[in-house]
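Grab a pencil and get ready to look at a protein chain piece by piece. Try each task yourself before you read its solution.

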Amino acid sequence: MDMGPSGTTDTFKHETLPESAWIEPIPDDRVLPEDGDPAELAAARETVRLAFVTALQHLPARQRAVLILREVLRWQATEVAELLDTTVASVNSALQRARATLARLQPDDRELGVVDARQQALIARYVDAFERYDITSLVALLHEDAVMSMPPYNFWIRGPEEMGRWFLGQGAGCRGSRLVATAANGCAAFGSYKVDPDGGHAPWALQVIEVSGDRIVGHHNFLDTSLFAAFGLPAHLDD
């Protein structure tokens, strides 16, 4: 979510944002079919991703809620109307306006989401660089306009140089972390586990990684570790 001009590692003061400032990630297996034609799955994944992007950046609160409930969670209009204490006609109208915004959304013509072997290889290189904490190799995988966020903190930085400074500065506590793969919001995602002083690795953040072509364009870290159970991620890594 664009929360204004990007900050820097030096301006981060650990201030938090209200919950209304972001939407938590959702496991792909809750909104996508377990099997099916690969092309159809790719299209469905892109629809989920665009729905979240649109909801975050372009919609008022009511349209945001309706779009996610109807297009992503597949609720009936009557169920949404009951939840939001409104009418079915109002729900349908809000969905129509949200869909119109979605149709106009063209995120700088970049195709996001992991859809081919090349991008899968990019994600594999990211995991290798992150777990080895080779920040030189990691930032080489980033697009020049890549962004990094960390809900619930008021933290939003842009560009490989600034992100590299973060990883080697205030973010250096991630050194030695382990990643466990999952999928969220139609994107590659990982449970990120920091070194546990008592042994093994403890949950720290759910990472959602956005990809465009051969570069990473988004690195989003959701620090609510209660999300790990929803994604079927281990409560602790013993190794």
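Below are four exercises, each with a worked solution.

This is a predicted model, in which local features need pLDDT of at least 70 and side-chain atom pairs count only at pLDDT 80 or more, while totals for chains, interfaces and linings use all residues. Residues are numbered from 1 along each chain as its sequence is written, and side-chain values use heavy atoms, with hydrogens and water left out.

**Exercise 1: the whole chain**

Task: Find how many helices and strands the chain has, and what share of its residues is buried.

Solution: Start with the counting rule: helices (H or I, at least four residues) and strands (E, at least two) are DSSP runs, numbered from the N terminus. That gives 9 helices and 6 strands. Next, call a residue buried under 20% relative accessible area, exposed over 50%, and partly exposed in between (1.4 Å probe, protein chains only). Of the 239 residues, 46% are buried. Finally, take contacts (heavy atoms within 4.5 Å). Among those with a separation of 6 or more, 60% link residues 24 or more positions apart.

**Exercise 2: helix 3**

Task: Work out how the span of helix 3 compares with the expected one, and how many of its residues are buried.

Solution: First, the helix takes in residues 61-72, so the expected span is 1.5 Å times one less than its number of residues. With 12 residues, helix 3 reaches 16 Å from first C-alpha to last, close to the 16 Å expected. Now check the cover: 9 of the 12 residues are buried, among them V66, L67, I68 and L69. Charged names turn up in the buried group too, including R64, R70 and E71. Last, step just past the end of helix 3, where R74 has a positive phi of about 65°.

**Exercise 3: the sheet**

Task: Give the order of the strands in the sheet and say which strands sit at its edges.

Solution: Begin with the pairing rule: two strands pair if DSSP finds at least two bridges between them. Strands of a sheet pair through backbone hydrogen bonds, either parallel or antiparallel. Here you get an open sheet of 6 strands in the order 2-1-6-5-4-3, with mixed pairing. Strand 2 (156-158) and strand 3 (178-184) are the edges, each pairing on one side only. From one strand to the next, the twist averages 20°. Zoom in on strand 1 (residues 142-149): 3 bridges join it to strand 2, and the two run antiparallel. V147 stands opposite R158 in strand 2.

Then add the helices, using axes fitted to C-alpha atoms (for helices over the stretch in contact) and angles from 0 to 180 degrees between N-to-C directions. Helix 6 (residues 117-132) lies across strands 3, 4, 5 and 6, at about 145° to strand 5. Helix 8 (residues 160-168) lies across strands 1, 2 and 6, at about 45° to strand 1.

**Exercise 4: salt bridges**

Task: Say how far apart R165 and E162 are in helix 8, and which of the two is buried.

Solution: Recall the cut-off: a side-chain nitrogen of Lys or Arg within 4 Å of a carboxyl oxygen of Asp or Glu. The structure holds 4 salt bridges. In one of them, the closest N and O atoms of R165 and E162 are 3.0 Å apart. The two residues are 3 apart in helix 8, which means about one helical turn. E162 is buried at 13% relative accessibility, whereas R165 is partly exposed at 36%. For practice, look at R132 and D134 too, which meet at 3.3 Å, N to O. R132 is partly exposed at 48%, and a network of salt bridges links D128, R132 and D134.
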